[in-house]
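Me: Please take a close look at the empty space enclosed inside this protein. I am in my first year, so go step by step and relate it to the rest of the chain.

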Amino acid sequence: MSVAQLASRIHTGSKSEPPLWLTQGFRPFFFAAAIWSIGTLVIWIAMLATGRALPSIFDPLSWHVHEMLFGFCMAAAAGFLLTAVPNWTKRPAVSGRVLASLVGLWLIGRLACAFSAFMPAWLGSGLDLVFPVALIAILAREIIASRNWRNLVMLAPLAVLAAADLLMHLEATGGHVPAGLGWRLGLGAMVVLMAVVGGRLIPTFTGNWLAKRDIALPMPVQHAWLTPASIAALSVGLLGWAALPDSQAFGAVLMIGGILNISKLARWRGLATGSEPLLFILHVAYLWMVVGVLLLGLATFDIVPQSAAIHALTAGAMGTMILAVMTRVARGHSGQSLTADTITRWIYGLVTLAAVFRVIAAFAAAPGPSLLLYAAAILWIAAYAVFIFAYSPTLLSKRNVG
C-alpha cells in the first residue's frame, strides 16, 4: 500500500476501500439533488392539484420553496464543494463513512421537514440544520488544514444559507421573523455563490477551450476592479432586498449589480463557444442569473412581477447552472470527453424551456395555476429525469480515469 493510500484511509476513518459512490462528494450528492428536484416538484404539483398538504410546519408553498433551496440546491452545492475542495487543498477527498454520514444527515433533514408537524419545533429544525452545519465544519477543516485561506470565502454563502434555513423554521413556528426573510436570504446566498463559482469557472474553462482550438479571439478578460465590484453590488443588493423587498434603493443597487455582471459576462467570449453546449450552457446559466437580478430590481419599481424575477433566478439560473455543473463534473471525473453528447443536449434544452415557460407563466393573469406552469413543471421533471437516466451509471459505477 502506498503512503498516499494509507493517508487517504486514515483521513476518511475507513478500514477498507469505500464503495465507488462514496469515493467523492459529487457522486451521491448530485444523484440525490436530481432525485429530490423531481420529488419536490411532483409533491408540490400534487398539493396544488389536490389542495392537500404534508404533515409539516411549513404550508405547501413554503415547503416547496424550502426544499428547492435547502434540499435540492444545498445538495448540489455540497456535491460541487466536496469535489472542488480537494483540488484547492491537495488533500484527500472526503469519502467513505464521513461522506455517508453527510448524505444521511441531508436525508434526515428532508424527512424532518416533511413530517415536522409530528415533532417539537426544536427537534425538526435541529434535524434539518445539522447537515449544513456539519458540511461547513468539514469544509472549513479541509481548507484550514491546508492553509488555503483564499477559499475560506466560499464558506460565507453556506453560513448565510444555514442562517436563512433557521429563519424559515422560526417564521413557520411563530417566531418574530419578518415574513419571507428566510427564503429571500437563502435565495440571495445561492445567487452570490453561483456568481462567485461561475466567475471562477466560466472564463477559465472558456479560455482553455479557445486556446486548444486556436480560435482567433482575445482570451476572456478578468478586470481587476470589475469582478469584485460586480460581486459586491450583487451581495449588497440581494442582502438589502432580503431585508427590505420593496426598497427601490436596493432595487437600483440590484440593477447596477446586473449591469456589472453582464459587462463581465460579455468579456468571457461566450458566443464563441456555441459549438460546444457543455461549455456554452454555463454562459447561458450565468445570463439567466443576470436577467433574474435585473428583473428583481425592476420588480421593486412594480415594472415586472416579482415572481418572474424569482423564477428567472431559480428555474433559470439555478436549475440550469446546477445541471451544467453536474454534467461537466460527472464527465470530467469519469474520464469521458468534455463534450456534450446528444442526450446531454436534450437535458439542456429541456431545462431551458422549463425556465422560459415558468418565467412567462409569472406574467399570466390567471388566479390559479396556469397551463404554462404545469408545462414548465413537466419540462423540469423531464430534464432531471433524463439526467438521472443518462448519468446515474457515471455517478455510481464508473471509476475515475487519471
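Reply: A cavity is a set of grid points where a 1.4 Å probe fits but cannot get out, whereas a pocket is an open set. Keep in mind throughout that this is a predicted model.

Start with the chain that surrounds the space. Its secondary structure amounts to 13 helices and zero strands. Followed along the sequence, the pattern is therefore nothing but α: α-α-α-α-α-α-α-α-α-α-α-α-α. The radius of gyration is 21 Å, close to the 21 Å of the globule rule for 402 residues, so the chain is as compact as a globular protein of that length. The C-alpha trace spans about 65 × 60 × 40 Å along its principal axes. Of the 402 residues, 52% count as buried. Contacts reach far along the sequence: among those with a separation of 6 or more, 77% join residues 24 or more positions apart. On the outside, the chain exposes about 16,900 Å², and carbon and sulfur atoms supply 70% of that area.

Now the enclosed space. How many cavities of 30 Å³ or more does a search of the whole structure find? There are two.

The largest cavity has a volume of about 220 Å³. Its lining is made of 16 residues, and those closest to its centre are Ala77, Phe80, Met194, Met321 and Ile322. Three helices, H3, H7 and H11, each supply at least two residues of this lining. Their ranges are 60–89 for H3, 181–212 for H7 and 306–332 for H11. By class, the lining of the largest cavity has 15 nonpolar residues, one polar residue and no charged ones. Ala, Phe, Met and Ile are among the types that count as nonpolar, so the five residues named above belong to that class.

The second largest cavity holds about 40 Å³ of space. Its lining can be listed in full: Leu82, Val85, Pro86, Pro92, Ala93, Val94, Leu139 and Glu142. Two elements give two or more residues to this lining, H3 and helix H5 (121–145). H3 gives the most, with three residues. Seven of the lining residues are nonpolar, none is polar and one is charged. The charged one is Glu142, because Glu counts as charged and the other types in that list count as nonpolar.

One detail of the backbone belongs here. Lys90 sits in the loop between H3 and helix H4 (96–114). Most residues other than glycine have a negative phi. Lys90 departs from this, with a positive phi near 60°. Its relative accessible area is 72%, so Lys90 counts as exposed. Arg269, in the loop between helix H9 (248–266) and H10, also has a positive phi near 60°. Arg269 is only partly exposed, because its relative accessibility of 24% falls between the limits of 20% and 50%.

For contrast, turn to the open spaces. The largest pocket has about 1,000 Å³ of space. It is lined by 42 residues, with Leu61, His64, Val65, His311 and Arg358 nearest its centre. Elements that give two or more residues to this lining include H3, H7 and H11, along with helix H2 (26–50) and helix H12 (342–361). The largest share, eight residues, comes from H3. By class, the lining of the largest pocket has 30 nonpolar, nine polar and three charged residues.

The second largest pocket has a volume of about 640 Å³. Of its 24 lining residues, Leu201, Phe205, Asn208, Arg328 and Leu338 are the closest to its centre. H3, H7, helix H10 (277–299) and H11 each supply at least two residues here. In this pocket the largest share, again eight residues, comes from H7. The lining of the second largest pocket divides into 13 nonpolar, six polar and five charged residues.

To return to the part you asked about: the largest cavity is lined in part by H3, H7 and H11, and it has no charged residue in its lining. The second largest cavity draws on H3 and H5, and its lining has one charged residue.

Note on methods:
Residues are numbered from 1 along each chain as its sequence is written. This is a predicted model: local features need pLDDT of at least 70, side-chain atom pairs count only at pLDDT 80 or more; totals for chains, interfaces and linings use all residues. Side-chain values use heavy atoms; hydrogens and water are left out. On a 1 Å grid over the protein atoms alone, a cavity is a set of points where a 1.4 Å probe fits but cannot get out, and a pocket is an open set with protein on both sides within 12 Å along at least five of seven lines; lining residues have an atom within 4 Å of a point. Grid points are joined across faces, edges and corners, and a volume is the space filled by probe spheres set on the points. Helices (H or I, at least four residues) and strands (E, at least two) are DSSP runs, numbered from the N terminus. The radius of gyration is taken over C-alpha atoms; the globule rule is 2.2 Å times the number of residues to the power 0.38. Buried means under 20% relative accessible area, exposed over 50%, partly exposed in between (1.4 Å probe, protein chains only). Contact means heavy atoms within 4.5 Å. Accessible areas come from the Shrake-Rupley method with a 1.4 Å probe; for residues, only the protein chains shown count as cover.
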